[in-house]
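Here is a short round of questions and answers on one protein model. Look at the sequence and the structure, then follow the reasoning.

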Amino acid sequence: MATVRKLIVEVADARDLLPKDGTGTSSPYVVVDFDGQRKRTLTVHRDLNPVWNEVLQFSVQGFCSELLEVDVLHDRRVGPSRRNNFLGRVRLDSAQFVRKGEDALIYFPLEKKSFFSWIRGEIGLKIYYVDEVPPPPPLAPAPPPEEAGKSNPPLNDAGKSDTPKADPTPDSTKPDPPASGPNPDPPAQTDPVAGPNPDPPAQPTPTPGPNPDPPVDPAPPAGKPDEPVTPPPAEAGGESPPKPPENAAEAGKSPEQDPQPPPPPPPMDTEAIPKWDPPPEMMFQRSSRQEAEPKIAGFNTGRQRTSEIYAGEHRIEKERCSYDLVEKMHYLFVKIVKARALNGNKPFIKIAVSGSHIRTKSSPSYEWDQTFAFGHETLESASTLEVSVWDPQENFLGGICFDVSEIPTRDPPDSQLAPQWYRLEGGGAHRGDLMLATWIGTQADESFSDAWKTDTTTSVASRSKVYLSPKLWYLRATIIEAQDVILSPSLETAFSVKAKVGSQILKTRISVTRNGSPSWNEDLIFVAAEPFGDHQLLLSLENRYGKETAVLGLAGIPLSTIERRVDDRKVVSRWFDLEEPSSKSSTYKGRRLHVRLCFDGGYHVMDEPAHVSSDFRPTARQLWKPPIGTLELGIVGCRNLLPVKTVAGKGSTDAYAVAKYGDKWVRSRTVVDSLDPKWNEQYTWQVYDPCTVLTVGVFDNWAHRSEDIRPDIRIGKVRIRISTLENGKVYKNTYPLLVLVSSGVKKMGEIDLAVRFIRAISPLDVLHVYAQPLLPRMHYLKPIGVLQQEALRGTTARIVAVHLSRSEPPLGREVVLYMLDAESHGWFGMRKVRAHWARIANVAAGPVHLVQRLEDTRGWRNPTTTLLAHALLVLLVWHPDLIIPTLALYVFGAGAWNYRTRPRGPGAHSISWMTQQGETEGLDELDEELDGVPSSRPAETVRARYDKLRALGARVQRVLGDVATQGERVQALVTWQDPRATGIFVGLCLGVAVVLYVVPSKMVAIVGGFYYLRHPMFRDRMPPPAFNFFRRLPSLSDRIL
């Protein structure tokens, strides 16, 4: 049954508004605009923290993509006021609206109307949509016969005629300007005029037919002018199209002769779906007013568009994907629909073209609805296409032959070819008909994804597919306290609470009490995925004594009943009665558990490492910001892949590619038995943050070879950072596919990718994104610990893997975990230690180079440079306000100089430090890193690795001791552990203070700089006295046993 969507805006309250009435208060009210509908709340008199709690409803027409604008204004009618009554506004994109049940109260900060506006405060809104079944439209009664003789149409309150428009579309409800004078030859439709018209032209009712503009009788019958029909009232907040005239006198016919037209179509949103023109038999009149027709794909005859990106006030229309990043691959498509009048039971169809043979499944109902795509190699050598029908006993029932050169070519956005009936020939006396369609197209065709292809197999696991990660929430369970759990009044008892959601189990700390009311006030955080279904949060109260644990009570809370929040507001806590864990009765009854439960939608549930994450949006859709652009990826193919398995005595690779960005996963089709597979598939994502990473991996498919459950073999993966892509530029690069095995880093081949980023907002807005926090607001208000966040990420990755493995075709668990880096070993490995040390050395290379340059200057290697350094020292000391500008100018010069050697695209960072270090490490160290916990290696190998680890630990221990020694020497300067040393230091500090009080600081700085830059002939090769003094200070290292 058709439903009508309503947008509900609950205006709760506002906080800390700006005073506008001159007395320190305001009288605010709220005006909400959406899709041409405007509604307002009541005025709250003289209150800077008003509370409205009003519900406003708006009609949503079709697939609406309008902005919702909420304006807070001051009511000038209440007391004195200023000229400007604007208190702030909020603009929300339609992508932030959620269905009822997912809504939450959100406080939005009020925005300025202009740069010079002074606005403060925030407003609390709850926005959601509901789908309702519309009531049946009321039947308009026919007007009485005596009203047909009236000469003037009735006027509304504005003095204008209520005569309805003939165009039944909702865009024609607004009348045109009045006519300037009489028209001797009126058109098919005349606009109504404001005021009586003594001689209006009559418009007869047209007969159904192909002509939408029927002839008009120029001379109306005397005494029977047009009789207007009042349109039905429109719904609140929306408009409904006027009904066609029902008065038979208006068309010069009797009511019995006037056919009843079908009702006009329902109102539709002109921004998201096209204006629908009814067929001629449903049109009474055609309006002479020209109206702008929306450009939407699939309905109007203009250029087709598939998506529109809304970012604030900017709307970017994106053309249908034309596969311009990859090579076009032509295919011969054959779509078999059904057959009729066949003389056979359970027939099947064979298709033969240029040596390629394929057959459909047997169908007792004579219906197949299968599509086959033959590659370009077949097209180049094919001359005829043969389609034949056979019965299960291989008896020929008939066939059809097509000349390949005469098959039509189709390229989207061309419409699809309609299947046609073809008479089967050569099947004997009983011939049937076969419905099919054949055309030549490309991989951009809509039928390509589900079609059987010559370079793949018939297995479902070989098809391309787009997946979506489930919607993930953080479930926060705050265990507060328990009551009535006294077991022994005279003894202290230890209690804890165990919580379980699916396979996730968490426990609180142990609370020891005597009064039977243990308390914890501890947060337990779980990961839950929608839909929740019948999943529950299971809470159990446990009593611990010694090494044994006894369950005292259980409570189950369905996840669908738990409240959702998007900020850090307090959620109402609840008491839950604990049920007995067994049928045996307990001595104590009425045990209860005090818990606060909520789903935190203000967090981003991480499934990837933060430094290579592809998305930072929170769970709650209401908090999403508009996208900043689109990312297009073209997966061209691979080169020089290594065989990863043996099939029929020879090496083989059945490769497919997987790309992941945000919550969208794409999987290419599997190219069978090819070391140079070509996919030429193109995909698109919306980008919400430029500092994100696109991940592309290549795997070998095992599922289509046999029914044995074997994990797909990883071939390698590549990461591309979006911030390295320029706007609108296409990057076509070849990336190496590297994997880490026990023998070292192995190159499995290369992959060709084409990437393009298209910005949807202005460059200033992109710069503004860099100043925003990387993670949502809740990560900073109530942060999650690093270790806890990593544990939650592992749980999230496993949930996503289970969800995607249930799809068809399934995306293997090993594939998902590899793409998310969830199974990368975090254990110790010398390769990683050397890699991190190399990274630190690379970072410190710049400061080390500056120190070397300073030593060269101080050593008078180039006297000219040293003299210039003296002059610069005098200049900066005498004018210290130039120090910061000079440093900034130096950094600018360094950046401008390095611009010459900048990376020329994302391909320059395909090999990391860790992979480079892996090429030089020993096999034992790599095997140690790849070994799991607990170790599966022999005892001798484990003992040797343990001894090596002890040696490394001794070195770390020595470094930590040296750091502690230097810190204790600094403390010994003023703690009188060495009285002579402390006395010398304190006296020296007093002398320095006196000198600095007497001598100007500029002179001291110049003398100190000249002393530091003195010629080597005036220096001593022995350590300076300050170093000798510091090394003689005592430390606590002599007290370590």
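Q: At what angle do helix H6 and helix H11 pack?
A: This is a predicted model, where local features need pLDDT of at least 70, side-chain atom pairs count only at pLDDT 80 or more, and totals for chains, interfaces and linings use all residues. Residues are numbered from 1 along each chain as its sequence is written, and side-chain values use heavy atoms, with hydrogens and water left out. Helices (H or I, at least four residues) and strands (E, at least two) are DSSP runs, numbered from the N terminus. Helix H6 covers residues 830-843, helix H11 covers residues 923-930, and their axes (lines fitted to C-alpha atoms over the stretch in contact, with angles from 0 to 180 degrees between N-to-C directions) lie 8 Å apart at an angle of about 100°.

Q: Why is H6 described as roughly perpendicular to H11?
A: Angles under 35 degrees count as roughly parallel, over 145 as roughly antiparallel, 65 to 115 as roughly perpendicular and the rest as oblique. The angle here is about 100°. That makes H6, relative to H11, roughly perpendicular.

Q: Which residues in H11 meet H6?
A: Contact means heavy atoms within 4.5 Å. From H6 come Met 830, Arg 831, Lys 832 and Arg 834. Their partners in H11 are Glu 925, Leu 926 and Glu 929.

Q: Which residue in S3 stands opposite Val 31?
A: Two strands pair if DSSP finds at least two bridges between them. Strand S2 (residues 28-34) and S3 run antiparallel, joined by four bridges. Opposite Val 31 stands Arg 40.

Q: Which strands are the edge strands of the open sheet with the order S3-S2-S5-S6?
A: This sheet has four strands with antiparallel pairing. An edge strand here pairs on one side only. The edge strands are S3 (37-40) and S6 (86-92).

Q: Is Val 693 buried or exposed?
A: Val 693 belongs to strand S38 (residues 693-700). Buried means under 20% relative accessible area, exposed over 50%, partly exposed in between (1.4 Å probe, protein chains only). Val 693 has 3%, so it is buried.

Q: Which strand gives the most to the largest nonpolar core?
A: A nonpolar core is a set of buried Ala, Val, Leu, Ile, Met, Phe, Trp, Tyr and Cys residues joined through side-chain atoms within 4.5 Å. The largest has 62 residues, and Leu 631, Leu 633, Trp 665, Trp 685 and Ile 751 touch the most other members. Six of its residues come from the top contributor, strand S35 (residues 655-661).
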